[in-house]
Amino acid sequence: MKIKVSVIIPVYNVEKYIDECLKSLINQTLKEIEIIVVNDGSPDNSQKIIDKYVKKYPNKVKSFIKENGGQGSARNLGLEYAKGEFVSFVDSDDWLDLDALENMYNKAVEENSDIVICDMSDLYADGTKKYFNCTKYNSVYEVTPSASNKIFKKSILKDVRFLSRLWYEDFNFTTKILLMNPKISTISKDYYNCNCRDGSTMNNNNSLKNLDMLVVMDDLIEYAEEKKLYDENIFSYLIFDHVLITSINRVSRQKSKDKVSVIKELRKYCHENISGYRKLPFYKNIPTQRKIIANLNYIGLHNLSKLLLKVKSIIKK
């Protein structure tokens, strides 16, 4: 049987969630899939649940166990065994709508696409849901960098792999693919469902790990230069958006003894790498509010930009 989509799932400490994840994949309307589950040295009972699925669906579920090396290394191992025409990455505490892979694969075939993107929803413990429109953008570099709401044609991945033990490895991986100018299709439905837990990359107080963004960005720049894909306007935008705005805003909301020093490092990186960002072509297309937030962050007034964002959030409610 031809495998149309290989689904790669890194697993670590998710015994409460992995069953729902695997159930959503086993019951996909697209039957020509393989489910590659990589246990990244998880100390809980996740493997027992995985083993039940392997026993019940031996032709569909493949299990691999490795020493802990982080989500990136687990995904990389999965890629080594993937036989599908396309590859999908699903986090082990998330799940897909049952027709997600069939509709995304059919869209890829219909439009001869290298990547198909869908929208996402965050689900919270109190039952609330937040919809994310990931399929409307003016530039591919505005695409939500998550690897999980996409299917990738395996042949375009070539030597691109995830960084290990770093936050924001999705951003690094996805952007490297986007630099290749792939054919992208979109489906504006929230097929991908995120289980928002305390302590995730986006919901925590670990300020120091946000400096991983600088390591990730430097690796991305090095890759682009090596492949002769570097463009100053593109990379200045990426630093502007992901460091000057998103990373500084995230850290400024945290309660951590390290946040002042981390914000200082993030600002220093921006001063060293995008000091002339207002003169570059991308800047004229930035919405006025984001320009204000970025400019305040650049000069060290991140507390004021945090206040402005808080006021905006209250007004929206």
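**Entry 1: β6 and its neighbours**

I began at D122, whose bridge partner in β7 I found to be K130. I am working from a predicted model, and I keep that in mind for every value noted below. Strand β7 covers residues 129-132, and I found that it pairs with β6 in the antiparallel sense over 4 bridges. The two strands form a hairpin with 5 residues between them, and in the turn I noted G127, which has a positive phi of about 95°.

I then asked which other strands pair with β6, and in what sense. Strand β8 (residues 150-153) runs antiparallel to β6 and is joined to it by 3 bridges, with I117 standing opposite K150 in β8. Strand β9 (residues 184-195) pairs with β6 in the parallel sense over 8 bridges, and here I looked up C118, whose bridge partner in β9 is I187.

As for cover, I read β6 (residues 115-123) as mostly covered, since 9 of its 9 residues are buried.

**Entry 2: β1 and the crossover**

I turned next to β1, which takes in residues 5-11, and found 7 of its 7 residues buried. I recalled that in a regular strand the side chains alternate between the two faces of the sheet. In β1, I saw V5, V7, I9 and V11 pointing one way and S6, I8 and P10 pointing the other way, and all of these residues are buried.

Two pairings of β1 went into my notes. With β2 (residues 33-40) the strand pairs in the parallel sense over 7 bridges, and V11 stands opposite N39 in β2. I followed the chain from β1 through helix α1 (residues 18-26) to β2 and recorded this β-α-β crossover as right-handed. With β4 (residues 86-89) I found 4 bridges, again with the strands running parallel, and the position that I8 faces in β4 is F89.

**Entry 3: salt bridges**

How many salt bridges does the structure hold? I have 15 on record, and I looked at several of them individually.

The side chains of K4 and E32 meet in a salt bridge with an N to O distance of 3.6 Å. This pair links distant parts of the chain, 28 residues apart, with K4 in the segment before β1 and E32 in the loop between α1 and β2. I checked the accessibility of both partners: K4 is partly exposed at a relative accessible area of 21%, and E32 is partly exposed as well, at 24%.

A second salt bridge joins the side chains of K107 and E111, with N to O at 3.3 Å. Both residues lie in helix α4 (residues 100-111), 4 residues apart, which is about one turn of the helix. An α-helix has 3.6 residues a turn, so residues three or four places apart point the same way. I noted E111 as partly exposed, with a relative accessible area of 29%.

For K209 and D212, I found the closest N and O atoms of their salt bridge 2.6 Å apart. Is each partner buried or partly exposed? K209 counts as partly exposed at 22% relative accessibility, whereas D212 is buried, with a relative accessible area of 9%. The cut-off matters here, because buried means under 20% relative accessible area.

I also recorded a network of salt bridges that links R75, D91 and D170.

**Entry 4: helix α6**

D170 led me to helix α6, where it is one of the buried residues, together with E169, F171, N172, F173, T174, T175, K176, I177 and L178. Because 10 of the 10 residues of α6 (residues 169-178) are buried, I describe this helix as largely enclosed by the rest of the structure.

**Entry 5: the whole protein**

Finally, I stepped back to the protein as a whole and counted 11 helices and 9 strands. The radius of gyration is 20 Å, close to the 20 Å that the globule rule gives for 317 residues, so I took the protein to be as compact as a globular protein of that length. Along the principal axes the C-alpha trace spans about 60 × 40 × 40 Å.

Of the 317 residues, 53% are buried. The exposed area comes to about 15500 Å², and carbon and sulfur atoms supply 50% of it. Among the contacts with a separation of 6 or more, I noted that 79% are between residues 24 or more positions apart.

Conventions: Residues are numbered from 1 along each chain as its sequence is written. This is a predicted model: local features need pLDDT of at least 70, side-chain atom pairs count only at pLDDT 80 or more; totals for chains, interfaces and linings use all residues. Side-chain values use heavy atoms; hydrogens and water are left out. Buried means under 20% relative accessible area, exposed over 50%, partly exposed in between (1.4 Å probe, protein chains only). Two strands pair if DSSP finds at least two bridges between them. A crossover is right-handed if, with the strands pointing away from the viewer, the path from the first strand over the helix to the second runs clockwise. The radius of gyration is taken over C-alpha atoms; the globule rule is 2.2 Å times the number of residues to the power 0.38. Contact means heavy atoms within 4.5 Å. Accessible areas come from the Shrake-Rupley method with a 1.4 Å probe; for residues, only the protein chains shown count as cover. A salt bridge is a side-chain nitrogen of Lys or Arg within 4 Å of a carboxyl oxygen of Asp or Glu.
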